[in-house]
Amino acid sequence: MSILVEISENLQRGKAKMVKELVQQALDQGLSAQQILAEGLMDGMAVIGEKFKKNEVFVPEVLVAARAMNMGTALLKPILVKEGTKSVGKACLGTVKGDLHDIGKNLVRMMLESKGIEVIDLGTDVSPETFVETAKNQNCQLICCSALLTTTMGAIGDVVKLAEQEGIRDQVKIMVGGAPVTQAFADQIGADAYTSDAASAADTAVELCKKVG
Ligand code: B1M
């Protein structure tokens, strides 16, 4: 069995310590951090997601898998994030109000940092007020909102509206993403950019920072 399959399967079983060991072994074997992330950790999480959908696994199993995912990504982070890169801009990032999913958000953070963007991570269940106040007080060029639930994605629209009301809409770009979010939804709420994955979020963020100046 390839080490990437082993990582994926152990993640699915929630074996966090084993996942951490296997990720280290994979790095020692010379596999790239990107490959371990995509074909090991994210592959395992995708299988869990499908089983969760079909009621074949439940919240506790998903939580332990998420913990294993986080243990694995913690090892990859220093490699994916090039330390000491010149800052190209500042972003505040969070999962929107009512939503506790943070794995995708954490990946977005990692990728943004790898491109030299300073990230203020607001965590999960972040209110529109917190996004907008932080952007204002910390002079962020970007507000980055992640939403994983169809019931919470509407909260991104509230962030856009509040940024308008607070008079900072022309000083800040708003980026959105997360499994249920689409380009059409982003257009509908007046966001500046939508991307489907963390790597393209980072590329888009760099472009937007250049536009804001
Ligand atoms: Co939740 N959950 N969950 N869950 N959970 C989903 C999202 C769901 C699709 C599962 C399903 O039914 N198939 C479903 C939502 C259905 C819907 O809304 N239509 C669901 C549900 C229903 C729920 C609960 C309501 C379940 C319950 O309690 N009955 C509950 C809600 C809690 C809450 O938030 N208030 C809940 C709870 C949980 C756990 C706590 C158990 C756990 C979260 C643990 C954690 O995050 N620390 C969890 C998990 C893990 C999932 C699934 C299985 C996996 C999500 C994940 O981490 N994916 C998920 C099923 C799925 O998505 N297939 C599911 C891996 C991650 C890398 O992908 O986050 O999509 P993702 O991020 C991607 C892109 O979307 C993008 O980049 C990443 C990849 O590069 N991206 C951005 C993300 N944010 C971005 C921002 C950007 C740009 C790109 O710009 C700013």
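This is a short conversation about the ligand in a predicted model.

Visitor: What makes His 101 a donor of the cobalt atom of the ligand?

Guide: His 101 offers its NE2 atom at 2.2 Å. A donor is an N, O or S atom within 2.8 Å of the metal. NE2 is therefore a donor, as 2.2 Å is within that limit. His 101 is the only protein donor of this cobalt atom.

Visitor: Where is His 101 found?

Guide: His 101 is in the loop between β1 (89-96) and α5.

Visitor: Why does the pair between Asp 99 and the ligand count as a polar contact?

Guide: An N or O atom in the side chain of Asp 99 is 3.5 Å from an oxygen atom of the ligand. The cut-off is within 3.5 Å, so this pair counts.

Visitor: What makes the pair between Ala 198 and the ligand a polar contact?

Guide: Here a backbone N or O atom of Ala 198 lies 2.9 Å from a ligand oxygen. That value is within 3.5 Å, so the pair is a polar contact.

Visitor: Which residues around the ligand are the closest?

Guide: The ligand is surrounded by 34 residues. Among the closest are Leu 100, Asp 102 and Ser 146.

Visitor: Which element gives the most to the shell around the ligand?

Guide: That is α3, with five residues. Others supply at least two residues each, including α4 (59-80) and β3 (142-146).

Visitor: How many residues of each class are in the shell?

Guide: The shell has 20 nonpolar, ten polar and four charged residues.

Visitor: Where does the ligand sit?

Guide: The ligand sits in the largest pocket.

Key. Residues are numbered from 1 along each chain as its sequence is written. This is a predicted model: local features need pLDDT of at least 70, side-chain atom pairs count only at pLDDT 80 or more; totals for chains, interfaces and linings use all residues. Side-chain values use heavy atoms; hydrogens and water are left out. A residue is near a molecule or strand if one of its heavy atoms lies within 4 Å of it. A polar contact is a pair of N or O atoms within 3.5 Å; within protein, one must be able to donate a hydrogen and the other to accept it, and residues adjacent in sequence count only if both atoms are side-chain atoms. On a 1 Å grid over the protein atoms alone, a cavity is a set of points where a 1.4 Å probe fits but cannot get out, and a pocket is an open set with protein on both sides within 12 Å along at least five of seven lines; lining residues have an atom within 4 Å of a point. A molecule sits in a cavity or pocket if more than half of its atoms lie within 2 Å of its grid points. Helices (H or I, at least four residues) and strands (E, at least two) are DSSP runs, numbered from the N terminus. Ala, Val, Leu, Ile, Met, Phe, Trp, Tyr, Cys and Pro count as nonpolar, Asp, Glu, Lys and Arg as charged, and the others, Gly among them, as polar. Donors are N, O and S atoms within 2.8 Å of the metal (3.2 Å for Na, K and Ca); water is not among the atoms, so sites may look incomplete.
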